[in-house]
Amino acid sequence: MTNYGHQIYRFSEAPIWELQRAYFAERGIEAWQSGEVPQYITSNPIIAVAYAEMIFGFLQDRAGLGYAAEPVTIVELGAGSGRLAFHVIKELCALREYAGIPLPPFRYIMSDLAVKNISYWQQHRSLLPYVEQGILDFAVFDAVNDTELQLTQSGVTIRPADLKQPLLIIANYFFDSIPQELIYVDEGKIYECRVSFRFPNETTELRASDLLEQAIPEYHYRRAAEYEQESYPYRGVIDLYRQKLEDSHILFPAAGLACLERLCELSQAGFLLLTADKGDHRLENWEFAEPPKLIHHGSFSLTANYHAIQHVFEQKGAGALFTAHHYKNLNVGCILMLQEPMSYGNTRLAYRRFVERFGPDDFFSMKEWFDEHLEQMNMSQIHSFWRLGSYDAQLFLQSAKHISSLLSASGEEEWEDIRTGLHRMWTGYYPMEEKIDLALVSGMLLYQMDMFTDALIFFGRSLKDNEAAPVVLYNMAVCSYEVGHEDEAWDYAHRTLAKEPEHEGALSLRALLRENVKDSTD
């Protein structure tokens, strides 16, 4: 293992970024499946709905401006597990079908640096239908270096100026996880914060995630007048920091800005950026900022500097949308690097409705309350929150046990709403080899409500994806009997007893079925 101790690095060139790449290359999709890397906050149906509504508004705006023929390309940077892409595409297709109005066609490109992630997406059953329709493609993309997008499924390469429509960019938990510069401002002067690392334990043979967790940064300062020179590409925002801030450590997104500029060059008409992160767009929130701490979650992340990104592109004529209220967990922004950004009324209205008025950060704050108070909630309250969350599978799995306990005191209408919700949930489910069998949990709830036809559907799904457990086979036998399919009931009872010969329920059901056959022949 490379010895990182005692060497001093420019922050953007520190070994933590190399280890970050190594971590994702090693772990691939397992980084999200294991729960090491957080994903729910930026990949749930609520944020997907917000993005789909803004994209739909953007498509309407482009059509209204007379640009409906050429396709709009959407690229998601660092698409990770693929869950956000699935939810966005599904919702966007639903909006397009429901509205029935002329819109430009679109294609969605999921991109990432980790090749393992691309391989996972290419085989995912929830994504394949969109690939087959020609609206989803994939690309390996290095945000620090690449200047084009090479699409894996269609074989197309998108090069500078190839796109006639603006490029639509999605970047969630992205700018906080790619190399950043670290500068220090004091008394109107800029200093560069360099970094060295201490490792309290032996680093030989440790994985990238272990090294990242052990790394203790130590900062070193040097005067950096080059940031103040006319030739520095982001001198405007640096001058603002010199004038307005004191004793402040600033994570500066030079790599992120350069990435957006390179992506902008792919289009003849600019870009629209939808982004969410733990990051500040208010200048005052960077004042007196202390040196950054690495936030560990298998990989690591820092705070994104949305202020710098907003300022740089506003100086180039962009419009920027961030909430007037302060965010708690997730800052959601929209930057319109477009000619006459104010002419994109549908896009801006969608931001107002689905982010400013009530958005993903508000939902996540409510979910934290939901997590703590679930056991005190009644059925209508649980169902309302589940519906607000677009019938998300995670919300259901959290609630299933409590819902089951409330069924006996609930009415037929509440039961029917649960049944309908389970079917809607399944259409929006993005499986990632979770430990909990969602189909089985759903089927058991329907079984409890005597909704045997629906229960059979979910038990069948469980049987398809998992080893045939006696509990599933027996429940399918009972459901089949209740709906009048006695041959199937016999078969499932027989399969249950093959796995568990003393299963009392299966023995009793088989005896009942034999008696029925006897009665019918008498």
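This dialogue goes through a few features of a predicted model.

Colleague: How enclosed is helix 11, and what is that reading based on?

Modeller: A residue counts as buried when its relative accessible area is under 20%. In helix 11, residues 306-314, eight of the nine residues are buried, so the helix is largely enclosed by the rest of the structure.

Colleague: Which residues of helix 11 are buried?

Modeller: They are Tyr-306, His-307, Ala-308, Ile-309, Gln-310, His-311, Val-312 and Phe-313. For His-307 the relative accessible area is 10%.

Colleague: What does the side chain of His-307 contact?

Modeller: A polar contact pairs N or O atoms within 3.5 Å. The side chain of His-307 makes one with the side chain of Tyr-241, at 3.0 Å. The backbone nitrogen of His-307 also has a partner: at the start of helix 11, a side-chain oxygen of Asn-305 comes within 3.2 Å of that nitrogen.

Colleague: Turning to the surface, which residues make the nonpolar patch?

Modeller: Residues in a patch have over 30% relative accessible area. Leu-113, Val-115 and Val-140 make a nonpolar patch of about 220 Å². Of these, Val-115 lies in helix 6, residues 115-122, and is exposed, with a relative accessible area of 52%.

Colleague: Which residues form the negative patch?

Modeller: In a charged patch, like charges are joined within 9 Å. Here Glu-187, Glu-246, Asp-247, Glu-284, Glu-287 and Glu-290 form a negative surface patch.

Colleague: Where does Glu-284 lie?

Modeller: Glu-284 sits in the loop between strand 13 (279-280) and strand 14 (295-297). Its relative accessible area is 49%, so Glu-284 is partly exposed.

How values were computed: Residues numbered from 1 in each chain as written. Predicted model: local features only at pLDDT ≥ 70, side-chain atom pairs only at ≥ 80, totals over all residues. Heavy atoms only, no water. Patch = residues over 30% accessible without salt bridge, like charges linked within 9 Å, V, L, I, M, F, W, Y side chains within 5 Å. Areas by Shrake-Rupley, 256 points an atom, 1.4 Å probe, with all protein chains shown as cover. Salt bridge = Lys/Arg side-chain N within 4 Å of Asp/Glu carboxyl O. Lys, Arg positive; Asp, Glu negative; His and termini not counted. Charge placed at Lys NZ, Arg CZ, Asp CG, Glu CD. Helix = DSSP H or I, 4+ residues; strand = E, 2+ residues; numbered from the N terminus. Buried < 20%, exposed > 50% of the residue type's maximum accessible area, 1.4 Å probe, protein only. Polar contact = N/O pair within 3.5 Å; in protein donor to acceptor, adjacent residues only side chain to side chain.
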